[in-house]
Amino acid sequence: MFLTEQQTIEAKIKSFCDANNIPLAALEWKPIPFSGEWGISTSFFATAAAEARAGKKVVVPQRAQEIAEQVKGQMDTPGISRVEAVKGYLNLYFSTNEYAHRVVDTVLDQNTSFGSGPRTGSRVMLEFSHPNTHKAFHVGHLRGTILGESLCRILEFSGLDVVRANYPGDMGLHVIKWLWGYLKFHNGEQPPADITKWMGEVYAEATRRLEENPDLEAEVRLVYARWDQRDPEVVALWERTREWSLEGFRQMYAALDIHFDKYYFNSQEEKPGKEIVEELVRRGIATDERPEGGAVVVKIDEALGLTKEQFRTSVILRSDGTALYATEDLALVKHKFADYPDLAKSLYLVDVRQSLHFTQVFKILEIAGYEQAQQCGHISYELVTLPGNVVMSSREGTVVLLEDLLREATSRAKEESRKKNPALTEEQLDSVAKAIGLGALKYPILARENTRLVTFDWQSALDFNGQAAPYIQYAHVRCNSILRKAEDMPDVGQPALSSSKGSTFNYELNPAEIQLIDMISRFPGEVQRAAAEYKPLTIATIAYEIAKAFASFYDACPVVQASPQVREARLRLVAATKQTLANALRLLSIEAPEVM
RNA sequence: GCCCCUGUAGCUCAGCGGAUAGAGUAAUGGACUUCGAAUCCAGUGGCCGUGAGUUCGAAUCUCACCAGGGGCGCCA
């Protein structure tokens, strides 16, 4: 925002150093880490250190300070209110009013696109969620799903074109088990309204029955054999029940406000996968150990001539010739690039336990000369466990069902809303409860480092206080309240907020006001960082910081009751805050309600 | 045995080479006749797992070790 000034100053520093024979090192600009007055700073430690290395007898911090002081004398730049040299740093403070109006005007001009980057024309695919059909959808699956949606929004906003891909596991041993259980215990039944939950129950029952009576395994194997031979009855049943699951997923994604552009299914990758395996064997990259009773494997370390084990050996086809996930993933990589030849990156958001699997799949294709494998990447995230370090498993029934959690969160939110704001109609309450409940659920997931294990407990999941979505939403609501109130005043109204008008902060700004403007100004940078590092956490944090700064501002600075001149500037600031919060929440896939 | 992740305030977590390491939470004390108190303000709370190294400067980078978790030929 002050790039021109920064460049001018940098040029001045350079010419000063040249004139005085000081070998200036590259300058890095950072915001001054103190609130209340805004500015940028740079340091001379690197330069002083270089002098020391060159043989000059100097104490580095002292020398840095010396240079800073000398340079300070040279500074006289419009837009910069004052300059100071402290502890080796050169601090340049912006003229506060100038700074304030630039930030606020920028936000109001750009409104819904404030914070977004220029379109790069580059396209990436992100695969996420990949639920298993014929199984329950639980809180363990929620993390990747929530994270994926947010990441897509962030990548898109940062300037990329994004393809959102889903890859449901629609065939495998778990599906066969389910079909067997259905035929045996629920034949002919139709699913109730809550499809996914019911599908999960049928699966859990099948697993339980099999554990109680292992002799039944033979029946399951029979179903598998019938599937392999494409027995029309089994295929038809599979198709019908698979559709039930997919319908359940669609409902759930709609409830969570999650979207996909493209679905891939592992059942479709089976054949092409086997063809790739054959090719790899033919070319001597894979070893067919089936004659000796083994499987088809790729000894990756050996192929690369590595002596230390690193990529290890990957099994790409079972000894009985049936496909594994690895078989299908080989095909999927190619399938994606065939569909979208211009993909700059093909990303897989999958939990950390599959790290080795993906490095192996990509490496094998690379060895086979498939160059686009190098554009593939695995973004890993840690699991959600239950207290006591229990991993959620639909087989063992140690799960917290998403349906239950959603219901609980929204009903808690509704109760709270009714208490806090009795004026709301029942209809409003429902929509507010959905926004608050879902937000409260999503935020803690997004506000945590991807690589960090999350322990699920009801209490913190349903906690609406502190650093949480409702706090941010509340700030948005309060912005809205102020703007609404101002609109009703005859001498204010909307004209004050028109983007052509321009903000005039020609009074002494309150520190809270400056802090708020500062936070808003950081948003675009945080978007770029979040996209580059695949970290929604960054957005979750800045959204909270803005809300927090607004809460202090709200307390310290009257808006509608201020003098007309101050009121107008602050109204524009409030509108800018509301817009920035809304943009940030949108990236997190969290609603920004007008009332709550 | 090899590889990956995590260790920061009582608890949950930010901070990713720079100035005095920050939030939330819990506990304490204040602030509603004023734009919505789901809020704000104040003090309290720290050998940044341990030990070396790199650097003018390390919670941050490198190595070793300790502790916890995960992954390593036919699960997904």
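A disulfide here is a pair of cysteine sulfur atoms within 2.5 Å. Keep that cut-off in mind as you open this predicted model, because the tour starts with the cysteines.

**Stop 1: the cysteines**

By that rule, how many disulfides are there? The count is 0. To see why, select Cys152: its sulfur is 16 Å from the closest cysteine sulfur, the one in Cys376, and that is too far for a bond. Next, click on Cys479. Its closest cysteine sulfur belongs to Cys557, 13 Å away, so that pair is too far apart for a bond as well. Cys152 is buried, with a relative accessibility of 0%, and Cys479 is buried too, also at 0%.

**Stop 2: the RNA**

Now show RNA strand B along with the protein around it. You should find 62 residues surrounding the strand, and the closest are Tyr89, Arg312, Arg318, Arg452 and Tyr554. Of the RNA atoms that come within 4 Å of the protein, 61% are sugar and phosphate.

Zoom in on a few contacts:

- Arg318 has a polar side-chain atom 3.0 Å from a phosphate oxygen of RNA strand B.
- Lys548 places a side-chain N or O atom 3.5 Å from a phosphate oxygen of the strand.
- Asp555 has a side-chain N or O atom 2.7 Å from a sugar or linking oxygen of the RNA.

Then colour by secondary structure. The elements that give two or more residues to this surface include the helices α2 (45–53), α14 (402–420) and α19 (536–556), along with the strands β4 (89–94) and β10 (313–317). What kinds of residue make up the surface near the RNA? There are 27 nonpolar, 17 polar and 18 charged ones.

**Stop 3: helix α3**

Select residues 60–72, which form helix α3. At 1.5 Å a residue, its 13 residues should span 18 Å, and the end C-alpha atoms are indeed 18 Å apart. Which of its residues are buried? They are Arg63, Ala64, Gln65, Ile67, Ala68 and Val71. As you look at them, remember that an α-helix has 3.6 residues a turn, so residues three or four places apart point the same way. Show α1 (3–19), α2, β3 (80–86) and β4 as well, since they are among the elements covering those buried residues.

**Stop 4: helix α6 and a visitor from α7**

Jump to residues 173–185, helix α6. This helix has 13 residues with an expected span of 18 Å, and its end C-alpha atoms agree at 18 Å apart. Its buried residues include His174, Trp178, Trp180 and Tyr182. Part of their cover comes from α7 (195–212), α8 (217–228) and α9 (232–256).

Now pick Arg209, in helix α7. Arg209 is partly exposed, with a relative accessible area of 29%. Arg209 and Gly181 are 28 residues apart in sequence, yet their C-alpha atoms are 8.5 Å apart in space. Leaving aside neighbours within four places in sequence, Arg209 is in contact with Trp180, Phe185 and Leu216.

**Stop 5: two unusual backbone angles**

Most residues other than glycine have a negative phi. Lys87, in the loop between β3 and β4, has a positive phi of about 55 degrees. His134 has a positive phi too, about 60 degrees, and sits in the loop between β5 (123–127) and α5 (139–158). Are these residues buried or exposed? Lys87 is exposed, at 68% relative accessibility, whereas His134 is buried, at 0%.

How values were computed:
Residues are numbered from 1 along each chain as its sequence is written. Chains are lettered from A and ligands numbered from 1 in the order in which they are written. This is a predicted model: local features need pLDDT of at least 70, side-chain atom pairs count only at pLDDT 80 or more; totals for chains, interfaces and linings use all residues. Side-chain values use heavy atoms; hydrogens and water are left out. A residue is near a molecule or strand if one of its heavy atoms lies within 4 Å of it. A polar contact is a pair of N or O atoms within 3.5 Å; within protein, one must be able to donate a hydrogen and the other to accept it, and residues adjacent in sequence count only if both atoms are side-chain atoms. Helices (H or I, at least four residues) and strands (E, at least two) are DSSP runs, numbered from the N terminus. Ala, Val, Leu, Ile, Met, Phe, Trp, Tyr, Cys and Pro count as nonpolar, Asp, Glu, Lys and Arg as charged, and the others, Gly among them, as polar. The expected span of a helix is 1.5 Å times one less than its number of residues. Buried means under 20% relative accessible area, exposed over 50%, partly exposed in between (1.4 Å probe, protein chains only). Contact means heavy atoms within 4.5 Å.
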